[in-house]
Amino acid sequence: MAPAKTLPGNSNKLRRIVIQVQSGLTAYGYYAGALTGVADEDTRAALTQMQKDNNLKITGTVTTEVLNAFGIAAQ
């Protein structure tokens, strides 16, 4: 499997957002991994389940809907 990609120029910002999402997923019991800031396979699986359970568009990725559900502002 290819390593997770980051957006050029925004890698630190994206990492901080993914850590916040991983923390939210952990708080709701979807994710038990380390808060790495990398959207790895376990993070994507947790996102997919969280999206399914909350009737969100199922993408397995960090979306605006996911950020809103966790109250995360992408600044």
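Contacts across the sequence come first. Of the contacts in this protein with a separation of 6 or more, 29% are between residues 24 or more positions apart. Keep in mind that this is a predicted model, so every value I give comes from a computation on that model.

Now the outline. The protein has 75 residues, and 27% of them are buried. Its secondary structure comes to three helices and zero strands. Along the sequence that reads α-α-α.

Next, the core. Which residues make up the largest nonpolar core? There are 12 in all: I17, V21, L25, Y31, A46, L47, M50, L56, V66, L67, F70 and I72. Three elements each give two or more residues to this core, namely α1 (11-27), α2 (41-53) and α3 (64-70). As a general point, nonpolar side chains in soluble globular proteins tend to be buried together.

Take one member of that core, V21. If we leave aside neighbours within four places in sequence, V21 is in contact with L47, V62, V66, L67, F70 and I72.

V21 also takes us to the packing of the first two helices. Two packed helices are described by the angle between their axes and the distance between the axes. Here, the axes of α1 and α2 come within 11 Å and cross at roughly 60°. What does that angle make the pair, oblique or roughly parallel? Angles under 35 degrees count as roughly parallel and 65 to 115 as roughly perpendicular; α1 and α2 are therefore oblique to each other. The crossing of α1 past α2 is left-handed. On the α1 side the contact is made by V21, Q22 and L25, and on the α2 side by T43, A46, L47 and M50. Sorted by class, this contact has five nonpolar residues, two polar ones and no charged ones.

Staying with α1, look at T26, which lies in that helix. T26 counts as partly exposed because its relative accessibility is 36%, and partly exposed covers the range between under 20% and over 50%. Not counting residues up to four places away in sequence, T26 touches Y31 and L35. The C-alpha atoms of T26 and A46 are separated by 9.0 Å, and these two residues are 20 apart along the chain.

That brings in L35, which sits in the loop between α1 and α2. L35 is also given as partly exposed, at 42% relative accessibility. Apart from neighbours within four places in sequence, its contacts are I19, Q22, S23 and T26. For L35 and Q22, which are 13 residues apart along the chain, the C-alpha separation is 6.0 Å.

On to helix α2, where we find Q51. Is Q51 buried or exposed? Q51 is buried, since its relative accessible area is 0%. Beyond residues up to four places away in sequence, Q51 touches L56, K57, I58, T59, G60, T61, T63 and V66. Two of these, L56 and V66, are listed in the nonpolar core.

Last, N55, in the loop between α2 and α3. N55 is not a glycine, yet it has a positive phi of about 55°. With 73% relative accessibility, N55 counts as exposed.

To recap with two residues: Q51 is buried, whereas N55 is exposed.

Terms used:
Residues are numbered from 1 along each chain as its sequence is written. This is a predicted model: local features need pLDDT of at least 70, side-chain atom pairs count only at pLDDT 80 or more; totals for chains, interfaces and linings use all residues. Side-chain values use heavy atoms; hydrogens and water are left out. A nonpolar core is a set of buried Ala, Val, Leu, Ile, Met, Phe, Trp, Tyr and Cys residues joined through side-chain atoms within 4.5 Å. Buried means under 20% relative accessible area, exposed over 50%, partly exposed in between (1.4 Å probe, protein chains only). Helices (H or I, at least four residues) and strands (E, at least two) are DSSP runs, numbered from the N terminus. Contact means heavy atoms within 4.5 Å. Axes are lines fitted to C-alpha atoms, for helices over the stretch in contact, and angles run from 0 to 180 degrees between N-to-C directions. Angles under 35 degrees count as roughly parallel, over 145 as roughly antiparallel, 65 to 115 as roughly perpendicular and the rest as oblique. A crossing is left-handed if the near helix is turned anticlockwise from the far one by less than a right angle, and right-handed if clockwise. Ala, Val, Leu, Ile, Met, Phe, Trp, Tyr, Cys and Pro count as nonpolar, Asp, Glu, Lys and Arg as charged, and the others, Gly among them, as polar.
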